[in-house]
Amino acid sequence: MKLSLKRRVAFSFIIANIVVLVMGFTVFFFLDSLNNQISNITVNSNKISLLTDEVRISAVSILKMQKKILTTKPTGEDLKRLENLCEGFQSQLQRLDSFYTEVEAKKIISKMQGYVDSLKTIVSKSSLFYRDGEGISTINELTDKILEAFSEFQDIQYFQNEQRDKQVKAIIGETRRNMLITLIITFLGTILLSLVVPGKIAMPFKKINDAVRELQDVNFDVSIYYDQDDEIGELARELNKMIVNMKKFEQLRTDRISVEHRKFDTLANMIKKNIMISNAKGELIYMNNPMYATLEMQSDDVINKNITDTLIPDSIVETFELAIKRRSKIENAEITIPKRKKVIDPATGEYVFEDTEEAYQGYANVIPIRAKESNLDYYMMIISKEVFV
């Protein structure tokens with residue numbers, strides 16, 4: 001399926017939004033699940049704590065009544081109150097039993113219920129309190145057993161509180177791990193998208209940019225391959241057409257320069273004087289044999305190089321630069337060409353040329369060769385020992 005650039009950008013934007021939404025809903029799901037689990041644990045823990053406090057208060061109340069019965073002769077009202085405390089204590093233990101699933105905790109609660117039921121039965125038989133203290137000793141024994149069982153229950157509850165804290169930490173750790181996995185998957189997915197999307201959108205622009213850079217370096221042997229029929233494809237085709245036309249133009253320009261060089265070469269051979277030619281940028285494009293011999297140079301030393309970057313004597317360089325700057329003719333400029341000696345530079349250890357004495361002294365004439373465009377101008381310098389008339 002071939003999509004236009006606009007649709008591809010829109011499609012990529014939609015995918016990015018979907019990824020963000022999925023990640024957001026996933027994180028929300030984990031946080032909501034964490035909140036629900038911790039909320040359930042906290043609610044149950046709070047209910048158990050409240051019931052445990054009620055059981056503790058009831059146990060303390062029973063203990064107080066037990067002490068009162070032991071120290072004073074119990075009245076019917078005291079016995080009735082103790083019976084009511086036992087009934088309330090049983091009701092609290094039944095509600096507390098519904099919150100536990102552990103066998104050990106339910107066993108201790110059941111044991112306390114049995115003790116309380118026995119205590120309630122003893123209290124209901126008020127005649128026992130008048131037989132040599134038989135009922136009182138039984139109440140004392142049952143109360144101690146209730147307190148002992150409640151102490152065991154508190155130990156279990158303390159252990160379960162520790163387990164509850166560990167469970168909460170485990171839930172938080174699992175949620176953190178799931179969220180981290182989600183973030184890693186999202187990160188990897190984002191990297192994958194960042195590798196795919198540029199290949200579909202950004203890479204064609206890179207090809208175009210590379211081709212333009214090659215054109216800046218006057219390399220016309222380039223082309224942009226892009227097989228999509230979209231806006232980028234249309235731009236690539238137009239650029240390929242432009243490159244073909246520029247290549248044709250460059251070929252025509254090269255042919256023209258070649259013709260001009262042949263003209264210069266023919267003209268220079270006709271004149272038995274020292275001749276050198278540069279373009280409007282100061283780049284040397286031709287020197288005849290007498291000039292090479294006078295300067296003691298090779299073509300590799302000067303051709304296609306700017307005259308200021310060569311070892312050509314300063315008097316010639318200054319004359320050339322003045323003619324190019326003025327775009328005018330220079331007549332009978334005095335020049336001096338020293339004789340050069342090849343020596344070793346003590347600083348670098350390389351061979352350099354050192355001026356020793358004047359080898360040639362004469363006059364130079366620079367003749368501009370005009371073109372329609374200023375950057376196509378040429379400047380021909382003719383050097384002789386005699387003044388030009």
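Biologist: How much surface does the protein chain expose, and what share of it do carbon and sulfur atoms supply?

Modeller: In this predicted model, the protein chain exposes about 25,000 Å², of which carbon and sulfur atoms supply 55%. The complementary view is by residue, and there buried residues make up 31% of the 389 in the protein chain.

Biologist: Which residues form a nonpolar patch on that surface?

Modeller: The patch consists of Leu180, Ile184, Phe187, Leu188, Ile191, Leu192, Leu195 and Val196, which together have about 780 Å² of accessible area. One of these residues, Leu192, lies in helix 4, which runs over residues 134-216, and Leu192 counts as exposed because its relative accessible area is 54%, where the cut-off for exposed is over 50%.

Biologist: Before going further into details, what is the mean pLDDT of the protein chain, and which elements have the lowest and the highest values?

Modeller: The mean pLDDT of the protein chain is 76, and 82% of the residues reach 70 or more. Among the elements, helix 5 (residues 231-270) has the lowest mean, at 72, whereas helix 8 (residues 314-326) has the highest, at 88. Residues 127-132 deserve a separate remark, since pLDDT stays under 50 there, and the model has 13 contacts beyond four places in sequence for that segment.

Biologist: How many helices and strands does the protein chain have, and what pattern do they follow along the sequence?

Modeller: There are eight helices and five strands, and read along the sequence they follow the pattern α-α-α-α-α-β-β-α-α-α-β-β-β. As for contacts between residues at least 6 apart in sequence, 57% join residues at least 24 apart.

Biologist: Take strand 1 as a worked case: is strand 1 mostly covered or mostly open?

Modeller: The general idea is that side chains in a regular strand alternate between the two faces of the sheet. Strand 1 covers residues 274-279, and six of its six residues are buried. Both faces are covered, with Asn274, Met276 and Ser278 buried on one side and Ile275, Ile277 and Asn279 buried on the other.

Biologist: With which strands does strand 1 pair, and in which sense?

Modeller: Strand 1 pairs in the antiparallel sense with strand 5 (residues 378-384), over six bridges, and in the antiparallel sense with strand 2 (residues 284-287), over three bridges. To follow the register, one can start from Asn274, whose bridge partner in strand 5 is Ile383, and then turn to Met276, whose bridge partner in strand 2 is Met287. The hairpin of strand 1 and strand 2 has four residues between the strands, and in that hairpin Gly282 takes a positive phi near 85°.

Biologist: Which residues other than glycine have a positive phi?

Modeller: Most residues other than glycine have a negative phi, and most peptide bonds are trans. Two cases to inspect here are Glu296, with a positive phi near 55°, and Arg327, also with a positive phi near 55°. Glu296 is placed in the loop between helix 6 (289-295) and helix 7 (299-302), and at 40% relative accessibility Glu296 counts as partly exposed.

Biologist: With which residue does Arg327 form a salt bridge, and which parts of the sequence does the pair tie together?

Modeller: Side chains of opposite charge can pair when their charged atoms come close. Arg327 forms a salt bridge with Asp377, and their closest N and O atoms are 2.6 Å apart. Arg327 lies in the loop between helix 8 and strand 3 (330-344), while Asp377 lies in the loop between strand 4 (351-369) and strand 5, so the pair ties together parts that are 50 residues apart in sequence. The two partners also contrast in their cover, since Arg327 is partly exposed with a relative accessible area of 37%, whereas Asp377, at 1% relative accessibility, is buried.

Biologist: How many salt bridges are counted, and which other pairs should I look at?

Modeller: The count comes to five salt bridges. Among them is Lys106 with Asp97, whose closest N and O atoms are 3.1 Å apart; Lys106 is partly exposed at 30% relative accessibility, and Asp97 is partly exposed at 21%. Another is Lys241 with Glu238, with the closest N and O atoms 3.9 Å apart. Lys241 and Glu238 are three residues apart in helix 5, so about one helical turn separates them, and Glu238 is partly exposed, with a relative accessible area of 44%.

Key:
Residues are numbered from 1 along each chain as its sequence is written. This is a predicted model: local features need pLDDT of at least 70, side-chain atom pairs count only at pLDDT 80 or more; totals for chains, interfaces and linings use all residues. Side-chain values use heavy atoms; hydrogens and water are left out. pLDDT is the predictor's confidence in each residue, from 0 to 100. Helices (H or I, at least four residues) and strands (E, at least two) are DSSP runs, numbered from the N terminus. Contact means heavy atoms within 4.5 Å. Buried means under 20% relative accessible area, exposed over 50%, partly exposed in between (1.4 Å probe, protein chains only). Two strands pair if DSSP finds at least two bridges between them. Accessible areas come from the Shrake-Rupley method with a 1.4 Å probe; for residues, only the protein chains shown count as cover. A salt bridge is a side-chain nitrogen of Lys or Arg within 4 Å of a carboxyl oxygen of Asp or Glu. Patches are made of residues with over 30% relative accessible area and no salt bridge: like charges are joined within 9 Å, nonpolar side chains (Val, Leu, Ile, Met, Phe, Trp, Tyr) within 5 Å.
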